[in-house]
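Visitor: I am new to this structure. Please show it to me and walk me through it.

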Amino acid sequence: MFDIGDKIVYPMHGAGIIVAIEEKEVLGEKRKYYIMKMPIGDMKVMVPVDNVEDIGIREIVENDDIDRVFAVLSGNQTKMPQNWNRRYRINMDKIKSGNIFEIASVVRNLMIRDREKGLSTGERKMLNSAKQMLVSEIVLAKEIEQEETERLIDEAIDCPSA
């Protein structure tokens with residue numbers, strides 16, 4: 001159970017802060033919801049309290065883990081299938097896991113691929129949403145601005161430590 005003020009990650013949406021816990025009636029059913037404010041886009045999300053484990057909600061990573069995230073970002077591109085459909089499915093599974101290190105590897109691989117060969121529309125959308133998820137968690141973990149976070153990610157990927 002989380003409390004107001006906790007920083008959590010909602011897989012496929014990103015990180016946010018619980019600003020309230022409210023009981024709401026949706027489709028004739030009363031349930032408790034976490035009201036989560038996202039740091040990017042000034043969006044609020046309602047998360048059913050009783051679905052937290054099924055959805056994979058977790059606390060954001062510690063500040064120390066962010067160094068590991070940047071190590072993943074500055075690492076070498078992972079070998080991926082040439083078939084875009086298989087590549088898309090593999091990347092989508094990594095994103096759905098909600099694991100920040102897996103999401104970082106997707107962002108790294110797609111940004112490198114975009115620079116080298118370009119991306120399909122679907123992969124570009126995937127890159128944008130994965131990057132937004134990554135940025136939202138880093139913003140909350142490091143308590144820095146969105147623009148600074150995006151610059152750090154871009155720098156990490158542009159300067160691979162080979």
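Visitor: Which backbone nitrogen does a side-chain oxygen of Asn 83 reach at the start of α3?
Guide: This is a predicted model, in which local features need pLDDT of at least 70, side-chain atom pairs count only at pLDDT 80 or more, and totals for chains, interfaces and linings use all residues. Residues are numbered from 1 along each chain as its sequence is written, and side-chain values use heavy atoms, with hydrogens and water left out. Helices (H or I, at least four residues) and strands (E, at least two) are DSSP runs, numbered from the N terminus. At the start of α3, the oxygen of Asn 83 comes to within 2.8 Å of the backbone nitrogen of Asn 85.

Visitor: How far does α3 reach from its first C-alpha to its last?
Guide: α3 has 14 residues. The expected span of a helix is 1.5 Å times one less than its number of residues. For α3 that expected value is 20 Å, and the model is close to it, at 20 Å.

Visitor: Why do the buried residues of α3 count as being on the same side?
Guide: Buried means under 20% relative accessible area, exposed over 50%, and partly exposed in between (1.4 Å probe, protein chains only). The buried residues of α3 are Arg 87, Asn 91, Met 92, Lys 94 and Ile 95. The arc is taken from the directions from the helix axis to the C-beta atoms. These residues lie on the same side of α3 because they cover an arc of only 160°.

Visitor: Which helices do the buried residues of α3 pack against?
Guide: Contact means heavy atoms within 4.5 Å. By that rule, the buried residues of α3 pack against α4 and α5.

Visitor: Which residue just after α3 takes a positive phi?
Guide: The phi there is about 80°. The residue is Gly 98.

Visitor: Which element gives the most to the largest nonpolar core?
Guide: A nonpolar core is a set of buried Ala, Val, Leu, Ile, Met, Phe, Trp, Tyr and Cys residues joined through side-chain atoms within 4.5 Å. The largest one has 33 residues, and those with the most contacts inside it are Leu 73, Val 107, Leu 134 and Ile 153. Two or more residues come from each of α2 (63–73), α3 (84–97), α4 (100–116), α5 (121–142) and α6 (146–158). The most, 10 residues, come from α5.

Visitor: How many residues does the second, separate core have?
Guide: Ile 8, Tyr 10, Tyr 34 and Val 47 are among its members. Its count is 12 residues.

Visitor: Is Val 107 buried or exposed?
Guide: Val 107 lies in helix α4. Leaving aside neighbours within four places in sequence, its contacts include Leu 73, Leu 127, Leu 134 and Ile 153. Its relative accessibility is 0%, so Val 107 counts as buried.

Visitor: How far apart in space are Val 107 and Asn 128?
Guide: In sequence they are 21 residues apart. In space, C-alpha to C-alpha, the separation is 8.4 Å.

Visitor: Is Asn 109 buried or exposed?
Guide: Asn 109 is in helix α4. Leaving aside neighbours within four places in sequence, Asn 109 is in contact with Gln 77, Thr 78 and Met 80. At 2% relative accessibility, Asn 109 is buried.

Visitor: Which strands are at the edges of the sheet?
Guide: Two strands pair if DSSP finds at least two bridges between them. 5 strands form an open, antiparallel sheet in the order β4-β3-β2-β1-β5. Each edge strand pairs on one side only, and these are β4 and β5 (58–59).

Visitor: Which residue in the turn between β1 and β2 has a positive phi?
Guide: Strand β1 (residues 7–10) and strand β2 (residues 14–26) are antiparallel, over 4 bridges. Their hairpin has 3 residues between the strands. The phi is about 75°, at Met 12.

Visitor: Which residue in β3 stands opposite Glu 25?
Guide: β2 and strand β3 (residues 29–37) pair in the antiparallel sense, over 9 bridges. Ile 18 stands opposite Met 36 in β3. For Glu 25, the residue opposite is Lys 30.

Visitor: Where does Gly 41 take a positive phi?
Guide: β3 and strand β4 (residues 44–48) pair over 5 bridges, in the antiparallel sense. Between these strands are 6 residues, and the phi of Gly 41 is near 80°. The place is the hairpin of β3 and β4.

How values were computed
A polar contact is a pair of N or O atoms within 3.5 Å; within protein, one must be able to donate a hydrogen and the other to accept it, and residues adjacent in sequence count only if both atoms are side-chain atoms.
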